[in-house]
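The following note sets out some points for a reader who is new to protein structures. Please read each point with the model in view.

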Amino acid sequence: MIACPCPVCHSTDKKDKRLRSSILVESPTTRIVVDTTPDFRYQMLRERVSKLDAVLFTHPHKDHIAGLDDIRAFNFFSRKPMPVFANEMTQEVIIREFPYAFTDFRYPGVPEIQLNTIAMDPFMIGDIRIIPIQVWHLKMPVLGFRFGQFTYITDANRIEESEKQKIRGSRIVVLNALRIEKHISHFNLEEAIAMAGELGVSAAYFTHISHQLGKHADVMAELPEGIELAYDGLTLKA
Ligand SMILES: [Zn+2]
Ligand SMILES: [Zn+2]
């Protein structure tokens, strides 16, 4: 956190350097990013991503959409609009936040976005099948996504039973765990551990971690078997 004097913000452990949360999902033929954070540009440069087939959005909060403008680099090299998948609520905010990308006359160089509406039905992007899962972020419905044996849930503090059923059977589940103390719209560490247990997954990774959770190494030492903290750059095979 900017200007924070705490030991986590001053840690020299690379795993304590936390950018805003997103993931890249890839099959042999298709590559998707879930959420374009304010750090999207740097994340793409760091991971040397030279081709991206689509962007998928979980919800319209700024820390998950702010980097969308930077998809224009992909437009430039692919010479086509970027397919963006979002529900109607998120699309409305995207159009409001990036109005210049949706006007009839667009200046050259603005991001070219092709919007696709997600409902709750499974859908395909390339050869990747995606099952939307609705979770609650206080009062905001947020989408999680299941890709085969891998499920990604961020920004939740409650999951209804019917949606838990869609997650069960995943081999790897990512859940958000913001901090130790309770929070109004995010699972805290204890709630995330309990949810991983309820979902009966063999491997859970926690993301959307704030500096208030503590240092990576200290928290890892306390976690039950099968649960780990994710960190920037972590790669998983499902
Ligand atoms: Zn701090
Ligand atoms: Zn968030």
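1. The structure is a predicted model. Along the chain, the donor residues of the zinc ion (ligand 1) follow the pattern C-x1-C-x2-C-x201-H. Cys-4 belongs to the segment before strand 1 (23–26), whereas His-211 belongs to the loop between strand 11 (203–207) and helix 7 (216–220), so this pair ties together parts that are 207 residues apart in sequence.

2. The protein donors at this site are the SG atoms of Cys-4, Cys-6 and Cys-9, together with ND1 of His-211. They lie 1.9 to 2.4 Å from the zinc ion (ligand 1). The angles among the 4 donor atoms are 106 to 114 degrees, and the site is tetrahedral. Cys-4 has a relative accessible area of 13% and is therefore buried, the cut-off being under 20%.

3. The zinc ion (ligand 2) has as its protein donors Asp-63 (OD), His-64 (NE2), Asp-155 (OD) and His-208 (NE2), at 2.1 to 2.4 Å. In sequence, these donors are spaced D-H-x90-D-x52-H.

4. Why is the arrangement around the zinc ion (ligand 2) irregular? The 4 donor atoms subtend angles of 91 to 157 degrees, and four donors count as tetrahedral only if all angles lie between 85 and 135 degrees.

5. Two donors of the zinc ion (ligand 2) may be examined for exposure. Asp-63 is partly exposed, with a relative accessible area of 24%. His-64 is buried, with a relative accessible area of 0%.

6. Asn-188 is found in the loop between strand 10 (172–176) and helix 6 (189–199). Is Asn-188 buried or exposed? Its relative accessible area is 4%, so Asn-188 is buried. A polar atom of the Asn-188 side chain lies 2.9 Å from the backbone nitrogen of Glu-191. Apart from neighbours within four places in sequence, Asn-188 is in contact with Ala-177, Leu-178, Arg-179, Ile-180, Glu-181 and Lys-182.

7. Strand 1 shows an alternation of its side chains. Ile-23 and Val-25 point to one face and are buried, while Leu-24 and Glu-26 point to the other face and are not buried.

8. Strand 1 runs antiparallel to strand 2 (residues 31–34), and 4 bridges join the two. Within this pairing, Leu-24 is placed opposite Val-33 of strand 2. The two strands form a hairpin, with 4 residues between them.

Methods. Residues numbered from 1 in each chain as written. Chains lettered and ligands numbered in written order. Predicted model: local features only at pLDDT ≥ 70, side-chain atom pairs only at ≥ 80, totals over all residues. Heavy atoms only, no water. Donors = N, O, S within 2.8 Å, 3.2 Å for Na, K, Ca; no water. Tetrahedral: all angles 85-135°; square planar, octahedral: opposite > 155°, others 65-115°. Buried < 20%, exposed > 50% of the residue type's maximum accessible area, 1.4 Å probe, protein only. Polar contact = N/O pair within 3.5 Å; in protein donor to acceptor, adjacent residues only side chain to side chain. Contact = heavy atoms within 4.5 Å. Pairing = 2+ DSSP bridges.
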